[in-house]
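Please work through the following exercises with the sequence and the 3D structure open beside you. Try each task yourself before you read its solution.

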Amino acid sequence: CTLALLVRMLRSRQPALLCRATRLISNLTLDNAGVQKSLLSIPGSVAGLVALASCGISPIVKPSLSALTNFVGKNEGVQQAAIQQGALPVVVALLGGTAAVATSQEAEEGSGSPGEQEAGSSEQQGAKAQQQRRARQAAAALETAERACLLLANLTYHNRDAKLAVVEAGAVQPLVQLLSCGSPAVAAAAASALSNLAVKDTQLQAALAAAGALPALLALLPAAGSASLKGGLRVPELLREGHPAAELACRACHAIGSLAFNNAENQVALQDAGAFPRLLPLLRMTSAPSVVAEASRAVGNLVFGNEGTKALARQAG
């Protein structure tokens, strides 16, 4: 009865009710296969959430994406239902829009002011207000993109048909672009989605490499010989368990390992792009066990079945 009521609430025109319904669905379906199965059996459950995710109203879109993510929950039946109900075009549109907003924001921040203006002038105040408004829009778009990436990660979990549908829908390029969006949370979520696409699939590993995923993922790790991350952030202090930088390093290493596994071409391409000088120091410069474990997995997959990369790894230390 509760689930059926929540599905009916998804058709409400009241934003407060919509937000409440989507959040409740998100909480009820999290890691609960029984609730996921029961909810899937109610007509309009998946379609209602997909429709709300495409409504364009950020306070409704975000919880709707979270609800879909938990509802999908690595459940093949819900994965297929979400794809059939049109989730992929919605998600790809959200990712593409966010990548464009992030790029525009970065260009604006880098350009600076075209000329000096008197402090306190109305023109300057107006420009500042506009810049703040754009910054808020960019922040909201990035938060939406993070949730969209996590939805894609769950949609593609151990489901090759879903993976192929995601690639066909055009999701790969926006995911790769979001790796360099400047938000650790969004980049980590994008790396998770790419990792699930690549895992144990030579064809998709090649497609992600062709889209530029390899150098983009490596760029998320500290540069060779560097003690700091992009922006001057110190590695030893930040790469500790629970810190966003450690989470980003984990997700990036995991994706690198997935792309390298049993794929000689990607192994060589990663080595040529400087993978070992970025990965091996992580085994020594961090106190985060999760980072050490994922970096070790990535190195192991880079050398697996490849004597050439194995010898280069030994040379790199």
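**Exercise 1: two cysteines**

C253 is buried, with a relative accessible area of 0%, where buried means under 20% relative accessible area, exposed over 50% and partly exposed in between (1.4 Å probe, protein chains only). The model is a predicted one, in which local features need pLDDT of at least 70, side-chain atom pairs count only at pLDDT 80 or more, and totals for chains, interfaces and linings use all residues. Residues are numbered from 1 along each chain as its sequence is written, and side-chain values use heavy atoms, with hydrogens and water left out.

Task: Find how many disulfides the structure holds.

Solution: Begin with the criterion, which is a pair of cysteine sulfur atoms within 2.5 Å. Next take C250, whose nearest cysteine sulfur, that of C253, is 7.0 Å away, and which is in no disulfide. C250 is also buried, with a relative accessible area of 10%. The structure therefore holds 0 disulfides.

**Exercise 2: the first helix**

Task: Determine which residues of helix α1 are buried.

Solution: Helices (H or I, at least four residues) are DSSP runs, numbered from the N terminus. In α1, residues 2–9, the buried ones are L3, L6, V7 and M9. They lie on the same side of α1, because they cover an arc of only 155 degrees around the axis, taken from the directions from the helix axis to the C-beta atoms. Finally, the elements that cover these buried residues include α2 (15–29), α3 (33–40) and α4 (45–53).

Note on methods
Helices (H or I, at least four residues) and strands (E, at least two) are DSSP runs, numbered from the N terminus. Contact means heavy atoms within 4.5 Å.
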